[in-house]
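Subject: Structure handover and findings

Dear colleague,

Please find below the structure that I am handing over to you, together with its sequence. I would be grateful if you could read the notes beneath it with the model open.

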Amino acid sequence: TALQNSQHALLESPTGTGKTLCLLCSALAWQRQEKGRILQQHKDSPQISQQPALQPGEEAPPPSNPNKPPVIIYASRTHSQLSQVVGELRNTRYRPRHAVLGSREHMCIHPKINPTVAKQ
């Protein structure tokens, strides 16, 4: 599949056919499988990481984890579309941690950015 081969996929279907939920659930299933694979690798081969000695004045490199599970980011043009997807996900077996971020229009309190604040 495109996910397993790190390739792009282009799909087309009419509005209301469940494209978003179908693709999101497929991606979440893949993510779950990857998390399981990574955990199994850690159980099968525990590795002790050895850091090279630092010279005086040298800083340690930031920690990195190449075996971190993939992150799925879903973005939408409108807040109502995001809310609809979050609601639809509740009817599936997936309960991903998520955050819905609003735009400047909805969240900003500066009157020049959000004219509705100036009216209050």
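The notes below describe what was found, beginning with the overall fold and then turning to individual residues.

Please bear in mind throughout that this is a predicted model.

Overall fold

The secondary structure of the protein chain consists of four helices and zero strands. Read along the sequence, this gives the pattern α-α-α-α. The protein chain has 120 residues, and buried residues make up 12% of them. As for contacts with a separation of 6 or more, 58% are accounted for by residues 24 or more positions apart.

The nonpolar core

Which residues form the largest nonpolar core? There are six: Leu-24, Cys-25, Leu-28, Val-85, Leu-89 and Tyr-94. Two elements, H1 and helix H2 (79–89), each give two or more residues to this core. The largest share, three residues, is that of H1.

The packing of H2 can be described through its buried residues, which are Leu-82, Val-85, Val-86 and Leu-89. Because they cover an arc of only 100 degrees around the axis, they lie on the same side of H2. The element against which the buried residues of H2 pack is H1. Val-85, one of the buried residues of H2, is also a member of the largest nonpolar core. With residues up to four places away in sequence not counted, Val-85 touches Thr-20, Leu-24 and Tyr-74.

The salt bridge

How many salt bridges does a search of the whole structure find? The search returns one. The partners are Arg-37 and Glu-34, whose closest N and O atoms are 2.8 Å apart. Both residues lie in helix H1 (residues 19–44), where they are three residues apart, or about one turn of the helix. In general terms, side chains of opposite charge can pair when their charged atoms come close.

The two partners can also be described by their accessibility. Glu-34 has a relative accessible area of 16% and is therefore buried, the cut-off being under 20%. Arg-37 has a relative accessibility of 38%, so it counts as partly exposed. The side chains of Glu-34 and Arg-37 also make a polar contact, at 2.8 Å.

The cysteines

The count of disulfides comes to zero. Why is Cys-22 not bonded to Cys-25? The sulfur of Cys-22 has its closest cysteine sulfur in Cys-25, and the 7.7 Å between them is too far for a bond, given that a disulfide requires sulfur atoms within 2.5 Å. Cys-25 is accordingly in no disulfide. Cys-25 has a relative accessible area of 15%, so it is buried, and it belongs to the largest nonpolar core.

Thr-92 and the loop after H2

Thr-92 is located in the loop between H2 and helix H3 (104–107). Is Thr-92 buried or exposed? Its relative accessibility is 18%, so Thr-92 counts as buried. A polar atom of the Thr-92 side chain lies 3.2 Å from the backbone nitrogen of Tyr-94. Tyr-94 is itself among the residues of the largest nonpolar core. Leaving aside neighbours within four places in sequence, Thr-92 is in contact with Leu-21 and Cys-25. Of these partners, Cys-25 is the core member already described among the cysteines.

Ile-38 and its distant partners

Ile-38 is placed in helix H1. Its relative accessible area is 6%, and Ile-38 is therefore buried. Which residues are in contact with Ile-38, leaving aside its neighbours within four places in sequence? They are Asn-67, Lys-68 and Pro-69. Asn-67 is 29 residues from Ile-38 along the chain, while the C-alpha atoms of the two are separated by 6.3 Å.

Points to look at in the viewer

- The buried residues of H2, which pack against H1.
- The pair formed by Arg-37 and Glu-34 within helix H1.
- The sulfur atoms of Cys-22 and Cys-25, which are 7.7 Å apart.
- The contacts of Ile-38 with Asn-67, Lys-68 and Pro-69.

Yours sincerely

Technical notes:
Residues numbered from 1 in each chain as written. Predicted model: local features only at pLDDT ≥ 70, side-chain atom pairs only at ≥ 80, totals over all residues. Heavy atoms only, no water. Salt bridge = Lys/Arg side-chain N within 4 Å of Asp/Glu carboxyl O. Buried < 20%, exposed > 50% of the residue type's maximum accessible area, 1.4 Å probe, protein only. Polar contact = N/O pair within 3.5 Å; in protein donor to acceptor, adjacent residues only side chain to side chain. Core = buried A, V, L, I, M, F, W, Y, C linked by side-chain atoms within 4.5 Å. Contact = heavy atoms within 4.5 Å. Arc of directions from axis to C-beta.
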